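User: I should like a close look at one part of this predicted model. Please treat the charged side chains there in a single connected account.

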Amino acid sequence: MSIVHVKINGIPVEVEEGTSVLNAAKKAGVRIPTLCYHDDLKPFGSCGLCIVKQEGSAKIIRACAAPVNEGLSVITNDNELFQVRKTILEMILSTHPSSCLSCIRNGECELQNIAAEFGLREQPFEVRLSDAEPDTSSASIVLDPQKCIKCGRCVQVCQDLQGVFALEFIGRGDGTCMAPAAMLKLDDSPCVRCGQCAAHCPVGAIYEKDEIADFRAAAADPEKQVVVQIAPSIRVGLSESFGLPAGTVTTKKIYAAIRRLGAMAVHDTNFGADLTIMEEGTELVHRLTNGGALPQLTSCCPAWVDYVEKYYPDLLDHVSSAKSPMQMVGAIEKTFYAKKMGIDPAKLFTVAIMPCTAKKYESDRDEHMHASGFRDVDLVLTTREFARLIKSSGIDFLKLEEEEADSPIGEYSGAGTIFGATGGVMEAAVRTAYHLVTGDELQDVEVASVRGLTEIKKGSVDFAGTKVRVAVIHGLSHAKEVMDEIRAAKAAGEQAPYEFIEIMACRGGCIAGGGQPYGANDILREERSAGLYADDKQSHVRCSHQNASIQQLYEEFLDKPLSETAHHLLHTSYQGIPVYKA
């Protein structure tokens, strides 16, 4: 691309041709206010806050959507622009509730922050609030249309990034709203509960179903014994909620915080990730050697599983029957662990801290999630809920002394840690599948080809002469491309050119799940992923099959991967679900 020369408030700057005025201003060290813009999305230009003046012209342009050209000179701020932006904000606030103190986004709201920057103290326009009630039909997400500012981010995310089309623009003018087609309830729509709409919403119009009160009640109940597991990506996600740089690993402080919150034991979902690799990896080897639908598709991500059940029910035999690490840990806690500790499983209250809103749904999705004879995972809190719980409990997180997790479900390998990043499941599987196929240990355990933010990564792995073709996909809109390829090959009586495929619903994987701290973009995704990979690199054990506690679990309880006990507790089945329930 050619370089063009532009001026931002008289400051000369060189940028690539086609760069937006907004990004050219950032390079010049000039901030232009935005509300509808997000790095992940195509510029929409709906809010109008980013308007700037083209010098020497009466033309007003929207900086987020306007590309620069050679010699362009713009003014980003003067009294007239300030007054126009202030009026835009006042108009938005005239249709927005002023209940900031009781809003879940209080202190983390983009509209609140910009209103404070502009010093808005009065409301000159008549207040016109929607009378629409919140939609609480989903087990994962709440829609509150009264707080919607019509920026359109949620629709863009749902349609363009995820390809789900659960949300649409309904109506026109002041009556416009973002909702499922025909104004259905969210739970009756194609929604897969990934939570990316909530993660990208600038205000409190879409948010995770808050269940902090349920945790507090369980922790205070003398009849319950609370045990808590944390997902791989929590150790690098929570840090941002306490002012630490993205990617900072805080695992052992998290363990300490959980005990301060009243848990009798702290476990790690990484243990479940190692267990998943043993089951899923053995299943792959079984399909390769004894026959079975290939390629095998991963099953760790509940939003992805929901998506394939709705959009590709004819390909469900390709999905691994292995449950997610979270569900495996819950089942083991209420059977093996409860018996080992002499605890009545009926009194064991199992909690999972997850980066994902879909995990709330997964924990009670069907009878397979009650394999222990009880609900295997009683409660799921997102990273954001966990941060609010810590803060509201008077815990100074940064000053906590580091503590260890409880054995044996607190021990894990580096392979379990990298589950949180796109490509991590594949890399962990390769490390162990190589051993299962060859009997030897993989010398270079870092599989760089499956790392990074390329949406679809394809390649092959050499297992001592046996080539296994793999693919890694993140973002459901990209999953469609590969799933259509598999469907077409199957219709032709052929196998698509893969043996193993990892799919994660969210861009970047779980490190940018729908329940992680707000503000994720590709820079943050790379920093969070780097934290997980660094944690893996310093691990003494880096392969799932080398985890001594996993070996102990099989010796004492499960016997071997895919055994009858393992199949009952650690595996599930799938069925097609109508895209629309109503």
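Are Asp 268 and Arg 235 buried or exposed? Please describe their surroundings as well.

Analyst: In this predicted model, Asp 268 is buried, and Arg 235 is buried too. Their side chains meet in a salt bridge, with an N to O distance of 2.7 Å. The pair joins distant parts of the chain: Asp 268 belongs to strand β11 (residues 265-268) and Arg 235 to helix α7 (residues 234-237), 33 residues apart.

Arg 235 also bears on a further acidic residue, Asp 535, which lies in helix α17 (residues 522-537). Asp 535 is buried but has no salt bridge. Its nearest side chain of opposite charge is Arg 235, at 4.7 Å; because a salt bridge requires a nitrogen within 4 Å of a carboxyl oxygen, this pair does not count as one. Apart from neighbours within four places in sequence, Asp 535 is in contact with Arg 235, Val 249, Tyr 412 and Thr 417.

Other salt bridges of the model may be set beside this one. Arg 193 and Asp 187 meet at 3.0 Å, N to O, and Arg 193 counts as buried because its relative accessibility is 5%. Lys 53 and Asp 78 meet at 2.8 Å, N to O. Here Lys 53 is in strand β3 (residues 51-54) and Asp 78 in the loop between β5 (73-75) and α2 (79-93), 25 residues apart. Asp 78 counts as partly exposed, because its relative accessibility is 26%. A network of salt bridges links Glu 427, Arg 431, Glu 446, Arg 451, Asp 536 and Arg 542. The count for the model comes to 44 salt bridges.

Definitions and conventions: Residues numbered from 1 in each chain as written. Predicted model: local features only at pLDDT ≥ 70, side-chain atom pairs only at ≥ 80, totals over all residues. Heavy atoms only, no water. Helix = DSSP H or I, 4+ residues; strand = E, 2+ residues; numbered from the N terminus. Buried < 20%, exposed > 50% of the residue type's maximum accessible area, 1.4 Å probe, protein only. Lys, Arg positive; Asp, Glu negative; His and termini not counted. Contact = heavy atoms within 4.5 Å.
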